[in-house]
Amino acid sequence: MKLFKTSAFTILASLLILVTACSSKTDDKKEAAKNYLKQQTVNLQDEPKKETAHSEHTATITDKNFKETIAEGVTLVDFWATWCKPCLIQGPIIDEIATDMKEKAVIGKMDVDINFKTPRQFNVANIPTIIIYKDGEVVERFVGIQNKQTLVSALNKHLAS
């Protein structure tokens with residue numbers, strides 16, 4: 001939605017400059033229109049992308065730290081996006097599990113809108129997708145909203161083995 005608003009604004013501002021430039025007889029008006037456009041246009045490439053976990057015990061997993069995060073022990077990764085309604089329902093469940101299991105397993109979230117490589121590598125086509133890794137290998141996968149007990153049982157099974 002933000003991209004659409006920015007694109008629409010850029011188009012309107014460009015039209016404003018064109019109309020101003022065509023109807024203006026002075027360079028001052030042209031320059032003023034250009035300066036206005038520069039001030040109003042947001043370059044989405046330059047915007048910082050925020051990667052935040054939702055609780056203090058939920059790890060923020062990125063393409064950069066993924067391999068080292070899952071390398072040892074049991075790790076649960078929730079592949080999600082901010083615009084995904086089921087992901088927003090799943091999120092607090094993941095945070096609760098992260099708090100409950102903070103000493104036993106790594107519980108983390110990966111925003112698929114910011115991180116593209118890892119979800120593609122693991123064929124994450126739908127979100128939320130939750131994958132449990134043990135010592136770097138996929139041991140279990142869930143697609144769609146999962147209840148706390150299902151995920152805790154799966155984690156405990158892999159912690160015990």
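The following exchange goes through a predicted model and asks what lies behind the words used to describe it.

Me: Before the details, how many helices and strands are in the chain, and in what order do the elements run?
Reply: The chain has 6 helices and 5 strands, and, starting at the N terminus, these elements run α-α-β-α-β-α-β-α-β-β-α. Of its 161 residues, 38% count as buried.

Me: What makes the arrangement of the 5 strands an open sheet with edges?
Reply: The strands lie in the order β1-β3-β2-β4-β5, with mixed pairing, and β1 and β5 (137-143) are called edge strands because two strands pair when DSSP finds at least two bridges between them, and each of these pairs on one side only.

Me: How do you know that β1 and β3 count as paired?
Reply: Strand β1 (residues 59-60) is joined to β3 by 2 bridges, in a parallel run, and the requirement is at least two bridges, so the pair meets the definition. One of the bridge partners can be named: A59 is matched with G108 in β3.

Me: What joins β2 to β3, and which way does the chain cross between them?
Reply: Strand β2 (residues 74-80) pairs with β3 in the parallel sense over 6 bridges, and F79 has M110 as its bridge partner in β3. The chain passes from β2 through helix α4 (residues 85-100) to β3, and this β-α-β crossover is right-handed.

Me: Why is strand β3 described as largely enclosed?
Reply: A residue is buried when its relative accessible area is under 20%, and 5 of the 6 residues of β3 (residues 106-111) are buried, so the strand is largely enclosed by the rest of the structure.

Me: Why are C84 and C87 called buried, and how many disulfides does the structure hold?
Reply: The relative accessibility of C84 is 4% and the relative accessible area of C87 is 2%; the limit is under 20%, so both cysteines count as buried. A search of the whole structure nevertheless finds 0 disulfides, which means that no pair of cysteine sulfur atoms lies within 2.5 Å.

Me: Why is the pair of F122 and Y133 called edge-to-face?
Reply: The structure holds 3 aromatic pairs. In the pair of F122 and Y133 the ring centres are 5.3 Å apart and the planes stand at 80°; centres must lie within 6.5 Å and planes over 60 degrees apart count as edge-to-face, so this pair qualifies on both counts. F122 belongs to the loop between α5 (117-121) and β4 (129-134), whereas Y133 belongs to strand β4, so the pair ties together parts that are 11 residues apart in sequence. Both F122 and Y133 are buried, and ring pairs link them with F66 into a cluster.

Me: Where is the charged end of K109 placed relative to W80?
Reply: The charged end of K109 sits over the ring of W80, at 6.0 Å from the ring centre.

Me: Why does H158 count as buried, and which residues does H158 touch?
Reply: H158, which is found in helix α6 (residues 148-160), has a relative accessible area of 9%, and since buried means under 20%, H158 falls in the buried class. Leaving aside residues up to four places away in sequence, H158 touches V74, I132, K134, V139 and E140. The C-alpha atoms of H158 and Y133 are separated by 8.8 Å, although the two residues are 25 residues apart along the chain.

Key
Residues numbered from 1 in each chain as written. Predicted model: local features only at pLDDT ≥ 70, side-chain atom pairs only at ≥ 80, totals over all residues. Heavy atoms only, no water. Buried < 20%, exposed > 50% of the residue type's maximum accessible area, 1.4 Å probe, protein only. Phe/Tyr/Trp six-rings, centres within 6.5 Å; stacked < 30°, edge-to-face > 60°. Helix = DSSP H or I, 4+ residues; strand = E, 2+ residues; numbered from the N terminus. Lys NZ or Arg CZ within 6 Å of the ring centre and 35° of its normal. Contact = heavy atoms within 4.5 Å. Right-handed = clockwise from strand over helix to strand, strands pointing away.
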